[in-house]
Amino acid sequence: MLWKRLRLTLEMIKFEHSVFALPFALTGALLAFREGAYDARTIVTKLLWIVVAMVGARSAAMAFNRLVDSPIDGRNPRTRMRHLPAGLLSHGFGWAFVVVTSVIFVLAAGQLNRLCFRLAPLALAIVFVYSFTKRFTSLSHLVLGFSLGIAPAAAWIAVRGALDPRILWLTAAVTFWTAGFDIIYSCQDYDFDTEEGLWSVPRLLGIPGALLAARFMHVLMVGCLLALVFTLHLGILALAGVAAVVALLIYEHSLVKPHDLSRVNAAFFTMNGYVSVLFFVFWAADILLLRTNI
């Protein structure tokens with residue numbers, strides 16, 4: 001019974017979508033390793049704890065969001081069959097999952113270094129606060145983006161023990177990328193958000209305006225990535241990675257039209273998974289093959 005509920009919980013939080021933010025966190029870690037000399041054992045150990053921390057934080061945040069939003073999800077025709085509104089999982093088990101995964105995150109942060117451990121409660125506060133923002137601000141998409149965007153900066157701190165302002169270009173890039181695809185995804189709920197009085201960019205600007213706003217967010221993302229390339233003196237493979245991201249984002253936006261949202265899931269889930277993974281592949285290759293001190 002426990003394993004069944006755990007499986008349902010992992011389904012509820014879309015555990016497989018950890019791939020969205022994790023490659024950016026790992027990129028932040030590799031960029032930090034690039035700034036100094038590290039032995040292989042240190043690198044592997046740090047990366048393992050970063051992965052544990054990332055998965056713990058994201059799992060806690062997603063479960064928290066589902067719990068906080070369960071009354072709203074129950075009224076939304078698109079989401080009423082999610083696990084909590086449909087009664088497949090109890091709220092008690094959901095809260096227990098949040099507590100356990102939060103503890104895992106904090107413990108993993110403690111294994112990285114003292115600063116990570118001290119900042120862990122703040123990180124949890126940021127990812128939890130997002131769940132309430134759609135009730136009072138249309139900037140909720142950016143708050144979600146920042147919740148993912150802190151991952152590469154946190155990974156840098158995990159490796160170096162301090163924050164370097166240069167890595168904030170990657171934080172900004174992930175923030176704008178996430179905000180852009182979340183705006184696209186939220187277009188599906190335009191009518192429901194309007195009826196419920198929930199805040200979102202589609203409700204504020206309408207669906208055509210929201211899709212333009214999403215494009216603008218992704219233009220800002222690309223600009224931030226280019227700034228990071230030149231700030232950290234990365235090479236041709238990193239630039240090729242940016243080009244790959246641009247191509248995927250153009251295709252992603254081509255899938256969604258103001259009058260046709262039938263391919264939103266493909267734009268949201270499939271294309272953004274490709275964006276994060278391909279980005280990591282190109283940038284990891286640049287760091288490890290061309291300009292590495294590791």
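**Exercise 1. Is Arg58 buried or exposed, at its computed relative accessibility?**

Solution. This is a predicted model, in which local features need pLDDT of at least 70 and side-chain atom pairs count only at pLDDT 80 or more, while totals for chains, interfaces and linings use all residues. Residues are numbered from 1 along each chain as its sequence is written, and side-chain values use heavy atoms, with hydrogens and water left out. The first step is to locate Arg58, which sits in helix α3; helices (H or I, at least four residues) and strands (E, at least two) are DSSP runs, numbered from the N terminus. The second step is to apply the cut-offs, by which buried means under 20% relative accessible area, exposed over 50% and partly exposed in between, with a 1.4 Å probe and protein chains only. Arg58 has a relative accessibility of 18% and therefore counts as buried. As a last step, the C-alpha atoms of Arg58 and Phe105 can be compared: they are separated by 9.1 Å, although the two residues are 47 residues apart along the chain.

**Exercise 2. Describe the overall fold of the protein chain.**

Solution. Begin with the secondary structure, which comes to 11 helices and 0 strands. The radius of gyration, taken over C-alpha atoms, is then set against the globule rule of 2.2 Å times the number of residues to the power 0.38. The chain has a radius of gyration of 19 Å, close to the 19 Å that the rule gives for 294 residues, so the chain is as compact as a globular protein of that length. Along the principal axes, its C-alpha atoms fill a box of roughly 55 × 45 × 30 Å. Finally, buried residues make up 53% of the 294 residues.

**Exercise 3. Characterise the settings of His83 and Arg135.**

Solution. His83 is placed in the loop between α3 and α4, and its relative accessible area of 13% makes this residue buried. Contact means heavy atoms within 4.5 Å; residues up to four places away in sequence not being counted, His83 touches Leu8, Glu11, Met12, Leu88 and Leu89. Arg135, in turn, is found in the loop between α5 (114-133) and α6 (140-160), and at 31% relative accessibility it counts as partly exposed. With neighbours within four places in sequence left aside, Arg135 is in contact with Val68, Asp69, Ile72, Leu198 and Trp199.

**Exercise 4. Which elements give two or more residues to the lining of the second largest pocket?**

Solution. On a 1 Å grid over the protein atoms alone, a pocket is an open set of points where a 1.4 Å probe fits, with protein on both sides within 12 Å along at least five of seven lines, and lining residues have an atom within 4 Å of a point. The second largest pocket holds about 180 Å³ of space. Of the 12 residues that line this pocket, the closest to its centre are Leu6, Phe97, Val100, Thr101 and Ile104. The elements asked for are α1 (2-12), α3 (40-75) and α4 (91-112), and α4 gives the most, with 6 residues.

**Exercise 5. Which loop holds His233, and what is notable about its backbone?**

Solution. His233 lies in the loop between α9 (201-231) and α10 (236-254), where at 55% relative accessibility it counts as exposed. Although it is not a glycine, His233 has a positive phi of about 55 degrees. Most residues other than glycine have a negative phi.

Notes
Points joined across faces, edges and corners; volume = space filled by probe spheres on them.
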